[in-house]
Amino acid sequence: MFAFASEFLDDMKRQLMSLGKDRYSLPRTYKRVSYAQEKARSELRKFGWDTLGYAESFKLPPPKDTIQRIDGKTISVEEFRRDFERPRVPVILTGLTEDWAANEKWTLDRLSKKYRNQNFKCGEDDHGNSVRMKMKYYHDYMLNNRDDSPLYIFDSSFAERRKTKKLSEDYKVPKFFEDDLFNYADSKKRPPHRWFVMGPDRSGTSIHIDPLGTSAWNSLLVGYKRWVLIPPNTPRDYVKPMSHEKGKHPNEGITWFRTVYNRVRSPSWPQEYAPIECRQGPGETMFVPSGWWHVVINEGFTVAVTHNYCSVENLHLVWPKTVKGRPKLSKHWRKRLAAERPEVLEIINSSSAAPLYNLNESSSDSSSSSSSSSDSSDSDTDDEDSGRCGIGGRKRRNDERTSGCPEKMHYSPNLMV
């Protein structure tokens, strides 16, 4: 009887594997996806990726769109700085992508053909190494997966690789974000700052604050994203899932939207921490100011580009965090700024004299995260709570205390599939 039961279980496993293989169009997709999943989230080896059935059961409530939208073609840089960047107010800018080649070139069909055999980062293994997958397999996976929280392309080196760098020519940094002071640092020393982002329904980023006090912009070309942004002074315990809510996907956007989102929307949520919600559509550019908690989930297939940056308006926040988290970078960067942008030294000097907790109210409620970086050679820690940014900040089983965001903190070796 025992032998019969064992044969029965083996037969069931073969049937389930066959169903998985039959799901995809390309004969090698199942094998490539399975390898990437094993490397990216080894903790799901026994539990499985689609066990909870979120592909069928997860439904977002209708959006409460409470964000301000501004025509990016009519507002000036100074008006943007005065009304949004300086007071740190999130906003969606429209009309900025109308002349981008990405509108035509970044369709799912064209991307899957032009970059068919190019590898893109869709995760990290338990040692921080990048897990990459060829676009043809990821495209097949994206169209046909039923995973609870799918793999998500969040690639920071696309502009440096010979066969994918043309992607960086398909869009233009909007005028509001062109003056990135990190551009004065050596390109090999500055932190990763731009990402090509592509994912299916249910993929996304869990609640986090962007590293080193930077602000961010995110331009969406395909699909829709649901955003929730929560003020910087909100205590960490308010915005993170409780221990009993984390389950098998503690650092996934879908877990946040199934748990904390209900509390954020309830009448009992403190008004002093009132969230901003929105549904970002194609052609819209989201501005996320320094220090704001934010969480994103994709509604269907999405393609986007996002940058983190430092300007004269947030340098007073970025500088002390860089000194603390990336001391070697800060010394190099200061020399460059002194030579080429001496007018910002006053901001640097004044922010260096101020206590860090006064510069960003959220930092005292944020846990430490690793900022070891092959591009900066610093091994010090940053005080941001970056959660799982994209796919890179996977919580590791051997370090449950931290909420690092390696995707927005460091480059890492590759595991290609």
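This report describes the overall make-up of a predicted model and then turns to a set of paired strands, one helix and one serine.

## Overall make-up

The model is predicted, and its protein chain has 417 residues, of which 56% are buried. The secondary structure of this chain comes to 14 helices and 14 strands. Among the contacts in the chain with a separation of 6 or more, 80% are between residues 24 or more positions apart.

## Strands 1, 2 and 10

Strand 1, residues 69-71, runs parallel to strand 2, residues 91-94, and three bridges join the two. One residue pair in this arrangement is Asp71 with Thr94, the latter being the bridge partner in strand 2. Between these strands the chain passes through helix 4, residues 77-85, and the resulting β-α-β crossover is right-handed.

Strand 2 also pairs with strand 10, residues 284-288, but here the sense is antiparallel and the pairing extends over four bridges. Thr94 takes part in this pairing as well, with Glu284 as its bridge partner in strand 10. Thr94 is thus bridged to Asp71 and also to Glu284, while strand 2 is paired in the parallel sense with strand 1 and in the antiparallel sense with strand 10.

## Helix 2 and its buried face

Helix 2 covers residues 29-40, and at 1.5 Å a residue its 12 residues should span 16 Å, a value with which the 16 Å between its end C-alpha atoms agrees. The buried residues in this helix are Thr29, Val33, Ala36, Gln37 and Ala40. Viewed down the helix axis, the buried residues fall within an arc of 100°, and therefore they line one face of helix 2.

As for what these buried residues pack against, the partners are strand 3 (119-124), strand 4 (130-134) and helix 7 (135-144).

## The surroundings of Ser215

Ser215 lies in strand 8, which comprises residues 215-230. Its relative accessibility is 2%, and Ser215 counts as buried because the cut-off for that class is under 20%. The side chain of Ser215 makes a polar contact of 3.0 Å with the side chain of Ser290.

When residues up to four places away in sequence are not counted, Ser215 touches Phe287, Val288, Pro289 and Ser290, together with His307, Asn308, Tyr309 and Asn314. Ser290 therefore appears both in this list of residues touched by Ser215 and as its side-chain partner in the polar contact, while Ser215 itself is buried at 2% relative accessibility.

Conventions:
Residues numbered from 1 in each chain as written. Predicted model: local features only at pLDDT ≥ 70, side-chain atom pairs only at ≥ 80, totals over all residues. Heavy atoms only, no water. Pairing = 2+ DSSP bridges. Right-handed = clockwise from strand over helix to strand, strands pointing away. Buried < 20%, exposed > 50% of the residue type's maximum accessible area, 1.4 Å probe, protein only. Polar contact = N/O pair within 3.5 Å; in protein donor to acceptor, adjacent residues only side chain to side chain. Contact = heavy atoms within 4.5 Å. Expected span 1.5 Å × (residues − 1). Arc of directions from axis to C-beta.
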